[in-house]
Amino acid sequence: MVNTSVRSLADAWRRGVDLPYARPALRVDGETFSYTDLDQRAQSMAAVIARTDPTGAPVAVLAQRSAAAYISMLAAVLAGRTYVPLHPAFPIDRTAGMLRRSGAATLAVGAEADGVARAVLEAGLGTPAVLFPTRDAPDWASAISRTVVVGDVDTGSAEIEAPVAVGPD
């Protein structure tokens with residue numbers, strides 16, 4: 001029997017968050033996230049994505065097997081966006097080309113990808129918004145022109161609206 005009340009991955013996640021799970025949702029980088037914690041962080045980031053880019057463009061995720069990667073992918077889904085995974089170990093030219101061809105208007109960066117992100121953005125191949133989902137924005141990020149930079153600490157600020165449920169419906 002098919003469950004027709006779940007129309008998307010975001011719907012399935014939202015329904016699952018309310019269930020009383022005793023096990024963690026995510027263990028990575030020595031951190032453990034409950035379903036509620038992971039949902040709150042992803043919803044906050046989804047609200048930032050929706051606010052900084054109302055066009056519905058994809059979200060590029062430059063991170064690998066980190067809290068930043070998983071939070072960013074979930075946030076993109078909750079914001080009703082596709083996400084484009086970019087591997088931090090790929091050559092900078094390849095990453096820049098993938099980012100440009102993807103049409104992404106938002107780039108989420110994990111700490112493990114700072115070097116690649118900085119090189120891509122300094123080469124002028126940036127996106128209008130660069131998000132650092134699990135930390136404050138590094139100093140180098142503020143020097144990138146034409147780019148909105150948002151660190152984890154900023155997602156709850158008055159300038160960025162409080163977390164709200166966002167999605168395609």
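This report walks through a predicted model, looking at its cores, its helices and two loop residues.

## Two nonpolar cores

Let's start on the inside. The largest nonpolar core is built from 23 residues. Inside this core, the residues with the most contacts are Phe33, Leu38, Met45, Ile49, Ile71, Ala75 and Leu131. If you want to find where the core comes from, look at β1, α2, β3 and α3, the elements that each give two or more residues to it. Helix α3 supplies the largest share, seven residues.

There's also another core, lying apart from that one, with 19 residues. Val84, Leu86, Val116 and Ile144 are among them.

## Helix α2

Now pick out helix α2, which covers residues 35-52 and so counts 18 residues. From the first C-alpha to the last, α2 reaches 25 Å. That's close to the 26 Å you'd expect at 1.5 Å a residue.

Which residues of α2 are buried? They are Leu38, Asp39, Ala42, Gln43, Ser44, Met45, Ala46, Ala47, Val48 and Ile49. You've already met Leu38, Met45 and Ile49, since they're on the list of residues with the most contacts inside the largest nonpolar core.

## Where α4 meets α5

Two packed helices are described by the angle between their axes and the distance between the axes. For helix α4 (residues 92-102) and helix α5 (residues 114-122), the axes come within 10 Å and cross at roughly 65°. As for handedness, the crossing of α4 and α5 is right-handed.

So who's touching whom? On the α4 side you'll find Ile92, Thr95, Ala96 and Leu99, and they meet Val116, Ala119 and Val120 of α5. Sort the residues of this contact by type and you get six nonpolar, one polar and no charged. Val116 in α5 is also one of the residues of the 19-residue core.

## Two loop residues with positive phi

Finally, have a look at a pair of backbone angles. Asp29 sits in the loop between β1 (26-28) and β2 (31-33). Its phi is near 55°, a positive value in a residue other than glycine. Is Asp29 buried or exposed? Asp29 counts as exposed because its relative accessibility is 53%, and the cut-off for exposed is over 50%.

Arg65 is the other one to check, in the loop between β3 (59-62) and α3 (67-78). Arg65 isn't a glycine, yet its phi is positive, at about 45°. With a relative accessible area of 65%, Arg65 is exposed.

How values were computed
Residues are numbered from 1 along each chain as its sequence is written. This is a predicted model: local features need pLDDT of at least 70, side-chain atom pairs count only at pLDDT 80 or more; totals for chains, interfaces and linings use all residues. Side-chain values use heavy atoms; hydrogens and water are left out. Helices (H or I, at least four residues) and strands (E, at least two) are DSSP runs, numbered from the N terminus. The expected span of a helix is 1.5 Å times one less than its number of residues. Buried means under 20% relative accessible area, exposed over 50%, partly exposed in between (1.4 Å probe, protein chains only). Axes are lines fitted to C-alpha atoms, for helices over the stretch in contact, and angles run from 0 to 180 degrees between N-to-C directions. A crossing is left-handed if the near helix is turned anticlockwise from the far one by less than a right angle, and right-handed if clockwise. Contact means heavy atoms within 4.5 Å. Ala, Val, Leu, Ile, Met, Phe, Trp, Tyr, Cys and Pro count as nonpolar, Asp, Glu, Lys and Arg as charged, and the others, Gly among them, as polar. A nonpolar core is a set of buried Ala, Val, Leu, Ile, Met, Phe, Trp, Tyr and Cys residues joined through side-chain atoms within 4.5 Å.
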